[in-house]
Protein chains: 4
Amino acid sequence: MIIIMNAPTEEQINRILSKLVVNNLEAKTIAIQDKIMITASGGAEARHTELYSRMPGVERVVAVSTPFKLVSREFCADNTLVHVGGSITFGGKNIPVIAGPCAVESYEQVRQTAAAVKDAGAVMLRGGAFKPRTSPYSFQGLEQDGLEILSAVGRETGMPVITELTDPRLLDSVDQHVDMIQIGARNMQNYPLLKEVARSKKPILLKRGAASTIEEWLMAAEYIMSGGNDQIVLCERGIRTFETYTRNTFDVSAVALARHLSHLPVIADPSHGTGNWRLVTPVAKAAVAAGADGLIIEVHPCPEEAMSDGPQSLNPVNFSQLMKETSEVAKAIGRKLGETWYE
Amino acid sequence: MIIIMNAPTEEQINRILSKLVVNNLEAKTIAIQDKIMITASGGAEARHTELYSRMPGVERVVAVSTPFKLVSREFCADNTLVHVGGSITFGGKNIPVIAGPCAVESYEQVRQTAAAVKDAGAVMLRGGAFKPRTSPYSFQGLEQDGLEILSAVGRETGMPVITELTDPRLLDSVDQHVDMIQIGARNMQNYPLLKEVARSKKPILLKRGAASTIEEWLMAAEYIMSGGNDQIVLCERGIRTFETYTRNTFDVSAVALARHLSHLPVIADPSHGTGNWRLVTPVAKAAVAAGADGLIIEVHPCPEEAMSDGPQSLNPVNFSQLMKETSEVAKAIGRKLGETWYE
Amino acid sequence: MIIIMNAPTEEQINRILSKLVVNNLEAKTIAIQDKIMITASGGAEARHTELYSRMPGVERVVAVSTPFKLVSREFCADNTLVHVGGSITFGGKNIPVIAGPCAVESYEQVRQTAAAVKDAGAVMLRGGAFKPRTSPYSFQGLEQDGLEILSAVGRETGMPVITELTDPRLLDSVDQHVDMIQIGARNMQNYPLLKEVARSKKPILLKRGAASTIEEWLMAAEYIMSGGNDQIVLCERGIRTFETYTRNTFDVSAVALARHLSHLPVIADPSHGTGNWRLVTPVAKAAVAAGADGLIIEVHPCPEEAMSDGPQSLNPVNFSQLMKETSEVAKAIGRKLGETWYE
Amino acid sequence: MIIIMNAPTEEQINRILSKLVVNNLEAKTIAIQDKIMITASGGAEARHTELYSRMPGVERVVAVSTPFKLVSREFCADNTLVHVGGSITFGGKNIPVIAGPCAVESYEQVRQTAAAVKDAGAVMLRGGAFKPRTSPYSFQGLEQDGLEILSAVGRETGMPVITELTDPRLLDSVDQHVDMIQIGARNMQNYPLLKEVARSKKPILLKRGAASTIEEWLMAAEYIMSGGNDQIVLCERGIRTFETYTRNTFDVSAVALARHLSHLPVIADPSHGTGNWRLVTPVAKAAVAAGADGLIIEVHPCPEEAMSDGPQSLNPVNFSQLMKETSEVAKAIGRKLGETWYE
C-alpha cells in the first residue's frame with residue numbers, strides 16, 4: 001500500500017513508521033512537494049489500508065494489490081473449466097445455454113418447458129423452488145416439492161438442473177436434488193450462505209448483486225474458492241441504475257472485464273438483466289459477442305400465466321428464435337452455442 | 001390496478017376482461033384517444049400487475065395501492081413505540097442514541113467504549129460479533145465469544161445491547177444474549193433471515209439496503225411484521241451512488257419520508273451513512289433535524305487501531321462533542337436526545 | 001392522464017372536476033375501494049400531470065401517453081435514414097463506422113489517423129476541436145484551427161467529418177466545416193444549443209447524457225426535431241453508475257430499446273462507454289449484435305501521447321482488429337460493417 | 001502522481017523514466033514485491049495521470065494532489081464571504097434565505113410571492129425567466145419579459161434578485177437585471193457558459209449537477225474562479241439515484257464535505273433536492289444543521305396553479321412555517337436564519 005500524507009508533522013510521520021515496524025511491514029518514504037508518500041509491503045493489505053487511513057496526517061491510503069487472490073488471472077492464467085452433470089462444460093469453446101421457468105409451478109409446467117427448451121438447444125434446466133420475493137404476499141415457491149419436480153424432470157429429459165439456494169439450512173436438501181447451485185443476486189454478500197456452499201462438491205453459479213461492484217463480486221467468489229470449492233461460474237444479471245424503462249441495466253462490459261480479471265467462466269442472464277422480454281434476445285446476442293461463456297434464460301410455456309417474472313420470460317417460440325439468432329453470433333466469434341452431449 | 005392498453009384489438013380487450021372475470025376482479029373500462037384503460041379491483045394487486053403486464057395489447061399496468069400494508073400509516077395512523085430492554089423507547093419524544101464499536105474485539109475494548117459512551121449520554125450499546133466483511137481475509141468477528149462479551153458489558157453498565165444477526169441458524173443464540181437484533185444492510189432482502197426474526201420476541205433494527213428503494217425497505221419490514229413481530233425500528237444508513245468521496249450517500253429525505261409512509265420509528269446511522277468520521281457529527285445533526293427517532297454511532301476507544309471500520313469511527317472525545325451539538329438540535333425541534341433512565 | 005385520489009372528500013373531487021372543465025379536458029370517474037380514479041383526455045399531458053399532482057386529495061397522477069411525439073415509432077413506423085456527406089447512410093442495412101482522435105492535436109496527427117482508419121474500413125472521421133474538459137487546466141482543443149485541420153483532412157481523404165459543438169455562438173463556424181454536428185453527453189440538456197442545431201441543415205449526432213434516462217434522451221431529440229431538423233442519429237455512450245472499474249457503464253439494452261421506441265438510427269460509442277481501450281472491441285461487437293446502426297471509435301496513432309482520452313483510445317492496430325472482428329458479428333446478423341462508397 | 005507497474009520488464013520501466021525526463025518530472029522508484037512504483041513530481045498532474053496510465057506495463061496511475069486548486073481550502077483557509085446586492089453575505093454567521101417561484105409567470109404572481117416571502121424572513125428573490133425544461137412542449141419561461149418583472153419586483157421590495165442563465169449570449173442582458181446569476185444543475189459542465197460568467201462582476205450561484213461528483217462540482221467552480229470571478233456560492237440540490245419516491249436524493253453530507261474541501265459558501269436547495277413539498281421543510285432543517293450557509297426555496301402563491309415545479313413548491317403558509325422551524329435549528333448551532341438588513 002501507499003500511505004499519502006499531506007504536509008505532515010515529523011511526529012506524525014514517525015508515528016506511521018513506528019506502527020509499520022510493529023506490523024512487520026517494510027517501509028520506504030518519498031517526498032513530493034508538500035506530500036509524503038510511504039510505501040509499505042508485506043502483510044494483508046486490505047486490513048492495513050483501513051487502519052492507516054485514520055491516522056493523523058494521513059490523506060488517504062492507496063491499495064496496490066487487488067483484494068481478490070485465488071479467483072484472479074494472476075493466480076491462474078488459464079481459463080477454469082467448470083463441469084456440470086457429467087456432460088456440460090463452462091469456460092471452454094462451447095457456450096452452454098440454461099433455460100427454464102423462473103419458478104417451478106407444477107410438474108406439467110416444468111416438463112413442458114424442459115421439452116421445449118431442450119428441443120431448441122438448451123442443455124440445462126433452471127427452475128426456482130425457493131423464491132426470494134420482494135413482497136411477503138407474493139408466491140414464495142413450491143419449496144421441497146419444487147425441488148423434487150425439478151429433479152425428476154431433469155432425470156427424465158437428461159438435462160442437468162440448477163436451482164437457487166437462499167438458506168444455509170437447506171444446503172443438504174438442495175445439494176442432493178440438483179447438479180449446480182445458484183447464489184442469487186440478493187444473496188451475493190450473504191456470507192454464511194457463501195461459506196456453506198464452499199463446502200458443497202457441486203458447482204456454484206454466483207450472480208452479481210444488483211448494486212455490487214465487479215470487485216465485490218469477485219470477492220464473493222473468493223469466499224467460495226477460499227472455502228474449498230473452485231467450481232464457480234460467474235453470472236452478470238444487470239445492475240441497479242437510475243434508468244426506469246428497464247428493471248436493471250445489463251452491464252455488458254462486466255462480462256469482458258470479469259473474464260479479463262478472473263480465470264472463472266462468466267455467463268449472462270439477459271432475462272433479469274433487462275426485465276423485459278423484448279430485450280432478452282438482443283442482449284443475449286450482445287453478451288455472447290462480448291465473450292460470455294454461457295446464457296441463462298427464463299422461459300415459460302405461457303408467460304402471461306407465470307407466477308413470477310412473467311414480463312421478462314420468453315415463450316418457447318421466442319426462445320427458439322433467440323437460440324437461432326444467437327447461434328449465428330457465436331459462430332461469428334469462433335464459438336458454438338450449446339453443447340454436443342444431446343446430439 | 002389500471003391496465004393501460006395501446007390501440008388494442010377488440011379480441012385483446014376481451015381476453016383481458018375474461019381473465020379478470022376468472023380472477024374474480026371487478027373491471028371498468030374507459031377509452032382515452034387510442035388508449036383503453038381498464039381498472040380492476042379486488043385480489044392481491046402485486047400478483048396481478050405482473051401477470052397482466054405481459055398480455056397482448058397491454059402497454060403497462062399501474063398499481064394503485066401501496067404494496068406494503070401492515071407497516072403503512074394507512075394501517076396505523078399513530079407512531080408505533082418500540083421498547084427495548086425495559087428502559088428505552090423508540091418513536092416517542094426522546095431520541096435514544098446507540099453507540100459502540102463496529103466489532104467486539106475484546107472485553108476491555110467494549111467495557112472501555114461502553115463507559116465512555118454512557119458517560120456522554122448514549123443509552124444503548126452496539127457491537128458486532130458476526131461481521132459481514134467484503135473480504136474473506138478480513139476479521140470476521142469474535143462470534144460466540146463476542147456475544148458473551150457484549151452481553152456481559154451490557155449487564156455491568158446497565159445498557160441494553162444490540163448486535164447483528166447474519167445467519168438464521170444463530171437466532172436462538174443471539175436472541176438470548178441481546179436486547180435488540182439488527183438486520184444489516186446486506187441482509188435486508190435475506191428472506192429466510194427476516195422470517196426467522198419475525199419469530200423472535202425481541203425488537204428488530206432493520207437497516208435499509210445500500211441499493212434498496214424505500215418501498216423495498218418497507219416491504220422487508222412487512223415480512224417481519226406479517227410474520228408476527230411488530231417491534232421494528234427502521235434505520236437509514238446511506239445508499240450506494242456514483243459519488244466516491246463518501247462510502248455511501250446518506251439519504252436524509254428517507255428519514256422524513258419513511259416516517260410519513262410508515263408508523264414505525266426511523267433512526268439514522270451516520271457512521272455507515274458517510275464512511276468518514278469527519279462527516280458523522282454534521283450528518284447526525286441533520287438526521288435529528290429531519291426527524292430521526294434515534295441514532296446509532298460507531299465509537300472506538302482508538303479508531304486507528306480498530307479491527308474494522310476505523311475510518312468512520314469516532315473516538316470518545318468526538319462522540320462527546322457529537323452528543324453535545326446534537327442535543328441542541330434536538331431541543332430546537334422540541335425533542336430530547338438520550339433517555340432519562342440512566343440519570 | 002389518470003388522477004389517483006386516496007379517500008378524497010367530495011369537495012376535493014369536485015375541485016378536480018371543475019378544474020378539468022376549465023382546462024377543457026374530458027373526465028371520467030371510477031371508484032376502486034377507497035381510491036377514486038379520474039381519467040382525463042385532451043390537451044398537453046406533460047403540463048397537466050404536474051399541475052394536478054399537487055391538488056388536495058391527489059395521491060399521484062399517471063401519464064398515459066409518452067412525452068415524446070415526433071421521434072416516436074408511433075409517429076413514424078419506418079426507420080429514418082440519416083444521410084451524411086452524400087455517401088453515408090445511418091439507419092439502413094449497412095453499419096457505418098466513424099473513427100478518429102478524441103482531440104485534433106495537429107494536421108499530421110489527424111492525417112495519419114485518417115489514413116489508418118480509412119484503411120481499416122472506417123467511413124467517417126471524428127476529431128474534437130472544442131473539448132469540454134472537467135479541468136480548466138486540461139487541454140481545451142485547438143478550436144478554430146482544429147476545425148480547419150479536420151475539414152482539410154476530410155477533403156483530402158474523401159471522408160465526411162464530424163466534430164462536437166459546445167457553444168451556440170459557434171454554430172455557423174462549425175456548420176461550414178463539418179458534415180455532421182455532434183452534441184456531446186454533457187450538453188444533451190443544453191436547450192439553447194439544441195434549439196440552435198435544430199436550425200442547421202446538417203445531420204446531428206445526439207449523445208445520451210451520462211445520467212440521462214432514455215426518455216430524457218428522446219425528449220432532447222424531440223427538441224431538435226420539433227425545431228425543424230429531423231436528421232438525427234442517437235448515440236449511446238455509457239451511463240454513470242456506482243461501478244468504478246469502468247469510466248461509464250455501457251447500456252447495451254438502450255441500443256435495442258431506443259430503436260424500439262424511436263424511428264431514429266442509434267449508434268454506439270464504446271470508447272466513452274467503457275473508458276478502457278481493452279473493453280472497446282468486445283463492447284463494439286456487443287453493440288452491433290444488439291442492433292446498433294453505427295459505431296464511433298476513438299483512435300490515436302499513439303494513444304500514450306494523446307492529449308486527451310488516451311486510456312480509452314485504440315491504436316491503428318487495435319482498430320483494425322476491431323473492424324475485422326466486428327465485421328463478422330455484423331454479417332452474423334445479416335448486416336454489413338462499413339459503407340461501400342470508398343470501395 | 002504515483003505510477004504503479006505490475007511486473008514490468010526493464011524496458012517498460014526505462015520507457016517510463018525516459019518519458020518523465022522529457023516531461024521535466026522528477027522521478028523516484030520503489031519496488032514492492034512484483035510491483036514497481038514510480039513517483040513523479042512537477043507539472044500539471046491531471047494531464048500526466050492520463051498519459052502515463054496507457055503505457056505498457058502500467059497498472060494504474062494515482063493522482064496525489066487534488067485537481068482543484070483555487071477553490072480548495074488549501075489555497076485559502078478562511079471562509080470566503082460572498083456579498084450580494086450590498087446587503088446580503090453568504091459564508092458568514094448568518095444564513096440568508098432565497099425564495100420565490102420556479103418560473104416568473106406574471107408581475108402579479110412575482111409581486112405577491114415576494115411580499116409573502118419577505119414577510120416570512122426571506123432576504124432575496126428568485127424567479128426563472130429562461131426555463132430549461134425536459135420537454136420542448138413545456139412552458140419555457142417569459143424570457144426577457146420575465147427578467148424585467150423580476151428586476152422590477154426586486155427594486156420595489158428592496159430584495160436582491162437571482163435568475164438562471166442558460167445561454168452565454170444572454171449574459172449581458174441577464175447581468176444588468178439581476179444581483180446574482182445562477183448556473184443550473186444541467187449546465188454545471190457547460191464550459192462556454194462557465195467561462196462567460198467568469199467575466200461577470202456579479203456573484204454566481206453554482207448548482208451541483210444531478211449526476212456530478214463533488215470533485216466535478218468543485219472543478220466547475222475552478223473554471224469560474226480561474227476565469228477571474230471569485231464570488232461563487234455552491235448549491236447542493238440533490239443527485240440522481242435509483243430511488244424513485246423522490247425526484248432527487250438530497251446529499252446532505254455534500255454540504256459538510258464541500259465546506260471542508262473548499263472555502264466557498266455552500267447553500268442548499270431542498271425544493272429540487274426532494275421534488276416533494278412535504279419533504280422541503282425537514283430537509284431544509286437538516287441542511288442547516290449540517291452547516292449550510294443559505295437556503296433557496298421554491299414558493300408559489302398557489303402551487304397547484306404553478307406553470308412549473310408545482311409539486312415541490314411551498315405555498316406562503318408552508319414557507320412561513322419552514323422559516324420558523326429552521327430558525328430554531330439555526331439558533332441551536334449558533335447561527336441566525338436570515339439577514340438583518342430588512343429589519
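**View 1. A salt bridge joins Glu305(C) to Lys19(D), with the closest N and O atoms 2.8 Å apart.** Here a salt bridge is a side-chain nitrogen of Lys or Arg within 4 Å of a carboxyl oxygen of Asp or Glu. The rule finds 8 salt bridges across the interface of chain C and chain D. This is a predicted model, in which local features need pLDDT of at least 70 and side-chain atom pairs count only at pLDDT 80 or more, while totals for chains, interfaces and linings use all residues; side-chain values use heavy atoms, leaving out hydrogens and water. Residues are numbered from 1 along each chain as its sequence is written, and chains are lettered from A and ligands numbered from 1 in the order in which they are written.

**View 2. Here is the surface of chain C that meets chain D.** In all, 55 residues of chain C are in contact (heavy atoms within 4.5 Å) with 55 residues of chain D. The area buried between these chains is about 4,500 Å², and carbon and sulfur atoms give 47% of that; buried area is the accessible area (1.4 Å probe) that two parts lose on being put together, summed over both. Look for Arg54(C), Tyr137(C) and Glu304(C): these residues lose the most area to chain D, together 18% of what the chain C side buries.

**View 3. Chains C and D are related by a two-fold axis.** A turn of 180° with a shift of 0.0 Å along the axis lays chain C on chain D with an RMSD of 0.0 Å, superposed by least squares on the C-alpha atoms of residues with pLDDT of at least 70 in both copies. That is the relation of a two-fold axis. Among the residues of chain C, Ala211(C) comes closest to the rotation axis, at 2.9 Å (C-alpha). Both copies use the same surface, as 98% of the contact residues of chain C recur in chain D.

**View 4. Arg15(A) and Glu304(B) meet through their side chains in a salt bridge, at 2.5 Å from N to O.** Between chain A and chain B the count is 8 salt bridges. On the side of chain A that touches chain B, α1 (10-22), α2 (45-53), α6 (191-198) and α7 (214-226) of chain A are the elements giving two or more residues; helices (H or I, at least four residues) and strands (E, at least two) are DSSP runs, numbered from the N terminus. The largest share, 5 residues, comes from α7(A).
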